[in-house]
Amino acid sequence: MSTRRPDWTPTPQAVENSRITDFARFASPRAGRDLVGDYHALWAWSVDDVNGFWAAVWDYFRLPERPAGPALAAEALPGGVWFPGSTLNYTAEVFRDRTGTDTAVITVTEDTGPVAITWHELRRQVASLAQALTELGVRMGDRVVGYLPNGVQAVVAFLATAGLGATWAVCGQDYTAAAAEARLAQLRPTVLIAATGSLHGGKHIDRRADVQALRDALPTLTATIAVGDAAGAVPGALSWSALTQRDAELAPVPVPFDHPLWVVFSSGTTGRPKGIVHGHGGVVLEQLKNLGLHLGLRSGDRLLWHTTPSWMMWNVLVAGLLLGATPVCYEGSPAYPGTDALWRLAARLEVNVLGTSPGYLAACRKAGVRLADHHPASLERLGVTGSAFPADLQHWVAGELGSRTQVVCTSGGTDVVTAFLGAAPITPVWAGELSAPCLGVAVEAFGPDGRPVRGEVGELVVLRPMPSMPLYFWDDPDGSRYRGAYFDVYPGIWRHGDWITITDHGSVILHGRSDATLNRHGIRMGSSDIYGPVEQLEEIAEALVVGVEQDGGGYWMPLFVTTTEGIDVDDVLSEKIRDAIRHGASPRHVPDEIIQAPGIPHTRTGKKLEVPVKRLLRGEARRSVVDPGSVDRPELIDWYAHIGAAHRRRDGTAAGPAASRSPNG
């Protein structure tokens, strides 16, 4: 058994006063045993007694009266049937018992704000827009779509749409008009709500031409609503200001538990982005559990998660309203005008939960940002997600923040718009590990024989249904795309596509995507095991490693790196990188080549494009490998394709820009 001590442990007082402990007290009589103070016992009950657990979540958070009968009336993956006969509405749950002058939403941009919107004002704007959408012909089941930055307008538009029983979808303005069209046009929407400008990195970006192009590409539209000072410059568009200033009665329509709430999209790096449909009930239940029990949000708390409306974390941010918490909607770069900008904002607004990415935290460390100088006394938890969180980086963050702030690493997906793995206020934290599976998520690691394993790498699988699993994929009438995405390997079991290790103390180590697994000489390795030691080097800004199967049984494992300003990859730095990998991972992790790259390509939500780069290096056609509109720097696609072509031409000698041949250990 491991004797490793956790890096952070909750105090007895914090455990006693936490919301998850209060929930455990509430649930213990239903479970027939004491669940207080023992997270793993609570988790085990939540996945063994799925009906009892989710019924307890429903009752604990005082959702509308539900019919008698089991929470999960039909257990199937896919196709679980939840709370049949029940009705509710996401928007109704947001505004239940919320009135008055307390702050509901705070909006901030790089050059304005913060601006606080009260619950009264939020309700008035949502009711006014809902009435306007009704007058424009929007009916239950119609689609209303947005092309908007992360501001209160996106929140109001979503809540108004959901209140009518219509279905919402949004793209942030980090997407081009063409990339937004690839997603939103699938839905054949009735109304488009679009902003005429956005702001990032100190630059105001005129989006009027993009709005017009997107509008022209959506032939089913009956109306366009323009947001912004230049709204009048969009011919024929209606004014957002005019449609949100009327007095109207908010009357959300009760809908069945599985009525479509929104469509969120896969990254779309290969092929058409998948439209993933979630229901009102599943999202409400899951986010009450996720934000209320795992992140400990309470009414009046402030939640700041740096995101755009294109990423599922925007959906999570807005869901803070379900608990009476205040989402902080920030439009702009987290590092403008300085790398510490997000921390300064968190301190200024006294946030309780701050969310960001490992990439931003790594940038803070390299820039010499002292987190302790901007550490708000209110900050209870720092949430980290989006990519692998190296242990050494987590050590640094925890050391900067001290014992009063829990660093919570989470991993989940747009697929379920929540986390599979994470932490809770009562769980210890080990750097480089996720504290535990989340409540209600029956996570296992499957070995090569399809059986659970402990202490070794396996496939992340989920054995039992979750309420927020997709209802279906858009334009997938026979369900074949949905089944193929998760259930093609283990029928009746959700296979997520990540490699994990479940440790002997119940935490989980995330190794990376299983479809991007490094498999040299039959040894499986996770890419994140290499990124950790490499990206902590002061000379390295970022790294990407892939393994490429070659004709004749060969295997090529190059490591691409970008460097800090003024640094070139020479023999000395190459050996330093190899040495860091040998000691930080193992000799077998040392790459065949280290190649200095002009950049590392990511999805628009910040994930490294490991699989598309691997396919480009193999020589597959670029159009079939990656959609440039889904990439943050599409010009890099050609560069990686050229590197692959050069490698295929050479006869075994070093080639390519700044390439350094490396032995395997």
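**View 1. Arg365 and its salt bridge to Asp392.** Arg365 is partly exposed, with 22% relative accessible area, whereas Asp392, at 19%, counts as buried. (Buried means under 20% relative accessible area, exposed means over 50%, and partly exposed is in between, using a 1.4 Å probe and protein chains only.) This is a predicted model, so local features need pLDDT of at least 70 and side-chain atom pairs count only at pLDDT 80 or more, while totals for chains, interfaces and linings use all residues. Residues are numbered from 1 along each chain as its sequence is written, and side-chain values use heavy atoms, with hydrogens and water left out. Arg365 and Asp392 form a salt bridge, and their closest N and O atoms are 2.7 Å apart. (For a salt bridge, a side-chain nitrogen of Lys or Arg must be within 4 Å of a carboxyl oxygen of Asp or Glu.) This one ties together distant parts of the chain: Arg365 belongs to helix 14 (residues 358–366) and Asp392 to helix 15, 27 residues apart. (Helices are DSSP runs of H or I with at least four residues, strands are runs of E with at least two, and both are numbered from the N terminus.)

**View 2. More salt bridges, and a little network.** How many salt bridges does a search of the whole structure find? The count is 28. In one of them, Glu635 meets Arg633, with the closest N and O atoms 2.8 Å apart. Glu635 is partly exposed at 47% relative accessibility, and Arg633 is partly exposed too, at 31%. Elsewhere, shared partners join Glu16, Asp22 and Arg25 into one network of salt bridges. Zoom in on Arg25 and Glu16, and you'll find their side chains meeting at 2.7 Å, N to O. Arg25 is partly exposed, with a relative accessible area of 34%, and Glu16 is partly exposed as well, at 46%.

**View 3. An open sheet of seven strands.** Follow the strands across this sheet and the order reads 5-4-17-16-18-19-20, with mixed pairing. (Two strands pair if DSSP finds at least two bridges between them.) As a general reminder, strands of a sheet pair through backbone hydrogen bonds, either parallel or antiparallel. Which strands stand at the edges? They are strand 5 (115–118) and strand 20; each has a single partner strand, so one side of each is left without a neighbour in the sheet. From one strand to the next, the twist averages 20°. (Axes are lines fitted to C-alpha atoms, for helices over the stretch in contact, and angles between N-to-C directions run from 0 to 180 degrees.)

**View 4. Helices lying across the sheet strands.** Helix 6 (residues 119–135) lies across strand 4 (103–109) and strand 5, and runs at about 75° to strand 5. (Contact here means heavy atoms within 4.5 Å.) Helix 13 (residues 341–349) lies across strand 4, strand 16 (302–305), strand 17 (326–331), strand 18 (353–356) and strand 19, at about 165° to strand 18.

**View 5. Strand 20, covered on both faces.** Here's strand 20 (residues 406–409) up close: Gln406 and Val408 are buried on one side, Val407 and Cys409 on the other. Strand 20 pairs with strand 19 (residues 381–384) in the parallel sense, over four bridges. Which residue of strand 20 is the bridge partner of Gly383? That's Val408. To get from strand 19 to strand 20, the chain passes through helix 15 (residues 391–401), making a right-handed β-α-β crossover. (Right-handed means that, with the strands pointing away from the viewer, the path from the first strand over the helix to the second runs clockwise.)

**View 6. Cysteines without disulfides.** A disulfide is a covalent bond between the sulfur atoms of two cysteines. With a cut-off of 2.5 Å between the sulfur atoms, the count comes to zero disulfides. For Cys364, the nearest cysteine sulfur is that of Cys409, 16 Å away. Cys364 is buried, with a relative accessible area of 0%. Cys409 is in no disulfide either, and the nearest cysteine sulfur, that of Cys438, is 11 Å away. Cys409 counts as buried at 12% relative accessibility.

**View 7. Ser411 and its neighbours.** Ser411 is found in strand 21 (residues 411–413). Is Ser411 buried or exposed? Ser411 is buried, with a relative accessible area of 11%. Leaving out residues up to four places away in sequence, Ser411 touches Thr385, Ala419, Phe420, Leu421, Leu434, Asp498 and Leu510.
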